[in-house]
Protein chains: 2
Amino acid sequence: MPAPTPTPSALPAGSVRRRAGRPTAAILDQDGITTAALELISNKGYNGLTMAALARSLGVAPSALYNHVASKDDVLLLVEDHLAAMVDVSAFGVEPWDVAVRRWAWSYRDVFSEHTPLIPVIAVLPVANAPKTLAMYEAVTAGFRDAGFPEEKIISAIVALEAFVFGAAYDVTAPEDIFDAGSLAGQVPNFTAAVDRLALERHARPTDVAFELGLEALITGFGALRG
Amino acid sequence: MPAPTPTPSALPAGSVRRRAGRPTAAILDQDGITTAALELISNKGYNGLTMAALARSLGVAPSALYNHVASKDDVLLLVEDHLAAMVDVSAFGVEPWDVAVRRWAWSYRDVFSEHTPLIPVIAVLPVANAPKTLAMYEAVTAGFRDAGFPEEKIISAIVALEAFVFGAAYDVTAPEDIFDAGSLAGQVPNFTAAVDRLALERHARPTDVAFELGLEALITGFGALRG
DNA sequence: ACCAATAAATGAATGCCATTCATTTATCTC
DNA sequence: GAGATAAATGAATGGCATTCATTTATTGGT
């Protein structure tokens, strides 16, 4: 039996054995962590986003991450803020108010429907540590104000729209047969009939139809509040 | 040194050593598990709801639970279905449509705002295994139908309302200072002004104001669809 | 030019958690 | 009465985030 040589031969391919201690230049920073997290999520989903996997993809020990983020929730907040910058607010101040809201809400939903595990985190975490998210709110608020919205109602309207967007983002991820009553169908005839009736309409995805229906109602209702 | 006696003396107080093997009468069933889970959630929150804690509160080994539920998600589904029965659908078919929707949506939000960790589970799990949830949908669907709603739009309208309710349920749990921009306030003047302006209105909880605003817009918008 | 402080890495715990499995045994069915 | 089944036990198992002592290169102060 060969001697148990503690050689670095068992290292993951492509990685380099590094001594402990401060490296010549910092390997990690929040930007790199964010990018790696997004890449990991894109490839393996949120189940694949573990601190260990994140560290491995950065060629680093898991504990090293904690010099740059306080917790895994902190990583999720970084990801969230990156995504907030991808939401389309460009129409505010350019296009009419209703067009801008429509573009914003659809893109907001589309971005976060791929990232629903972030929603519980966003909902609870203060916005102070998320500059890009804050910038999104600023653009939307300015758009509402310039459209003649009474100032005391702006935040409430945004919060309501956002609630709808987050709920709808979940709906996008639902399986198609979520409303299949199965063996209980006989006990819920009205519901089953309505589900079947909707299935006959073969226009767009049901989730998109519902989102449009709700969004247009909100836009119409809120539009009437403008001075 | 005393002999290592495997006595039952170290048992938790109040518990009784039970031999392995089938007991005279089954100790566990889904109803009991559901009740214990709700009790645990009420006392310790969702962080306290672990399979081990649930088993302990039922005086049983954790593995015993798996004779009655397939997984922890299964427990969450049981809890969800119990809660669905607490949502107020009593006004459908009795009160005018808009009153019924209002009562339903407010109670739906109130029930689930205490149980937001269920929302990701509900959104994805087919409804076939949740009879009480299905019963709720049936009542709401019948109410919409009887109010003259076009059948092909009923499910979409319910889905949209539900999305809004779930999103709003998260909002209820948000900390009060969630919109405090902190040191970045200077960079988001419109947003900060709108937040401050809303804070001056000391009527109701901001989360309730936003919910009412959105809900009334949806009710008005959907009400116009009735034939 | 030295020296102390700091920043950023390592790797070895720690403790929690859901879930699985072999085993036991009372009850039910034929 | 015998064999199958249901429902419990307790001992793994493997994954997870997080902590901690330790190492060491860089930085800033005197």
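**View 1. Phosphate and base contacts of DNA strand D.** In this predicted model, the side chain of B:R18 places an N or O atom 3.2 Å from a phosphate oxygen of DNA strand D. A:T24 also reaches the backbone of the strand: an N or O atom of the A:T24 side chain is 3.2 Å from a phosphate oxygen. B:S63 addresses a base instead. An N or O atom in the B:S63 side chain is 2.5 Å from a base oxygen of DNA strand D. Two elements give two or more residues to the surface near the strand: helix 2 (51–57) of chain A and helix 3 (62–65) of chain B.

**View 2. The protein surface around DNA strand D.** The strand has 28 residues around it. Those that come nearest are B:R17, B:I27, B:A61, B:S63 and B:H68. Of the strand atoms within 4 Å of the protein, 62% belong to sugar and phosphate. By class, the surface has 13 nonpolar, nine polar and six charged residues.

**View 3. The two domains of chain A.** Chain A splits into domain 1 (24–69) and domain 2 (82–223). Their C-alpha centres lie 30 Å apart. Four residues of domain 1 are in contact with six residues of domain 2.

**View 4. The interface between domain 1 and domain 2 of chain A.** The two domains bury about 380 Å² between them, with 79% of it on carbon and sulfur atoms. On the domain 1 side, A:T34, A:L38 and A:Y46 lose the most area, together 92% of what that side buries. That side has three nonpolar residues, one polar residue and no charged residues where it touches domain 2. The interface has zero salt bridges. One residue pair is in polar contact across it.

Conventions. Residues numbered from 1 in each chain as written. Chains lettered and ligands numbered in written order. Predicted model: local features only at pLDDT ≥ 70, side-chain atom pairs only at ≥ 80, totals over all residues. Heavy atoms only, no water. Domains from an automatic or database assignment. Contact = heavy atoms within 4.5 Å. Buried area = accessible area lost by both parts, 1.4 Å probe. Salt bridge = Lys/Arg side-chain N within 4 Å of Asp/Glu carboxyl O. Polar contact = N/O pair within 3.5 Å; in protein donor to acceptor, adjacent residues only side chain to side chain. Nonpolar A, V, L, I, M, F, W, Y, C, P; charged D, E, K, R; others polar. Near = heavy atom within 4 Å. Helix = DSSP H or I, 4+ residues; strand = E, 2+ residues; numbered from the N terminus.
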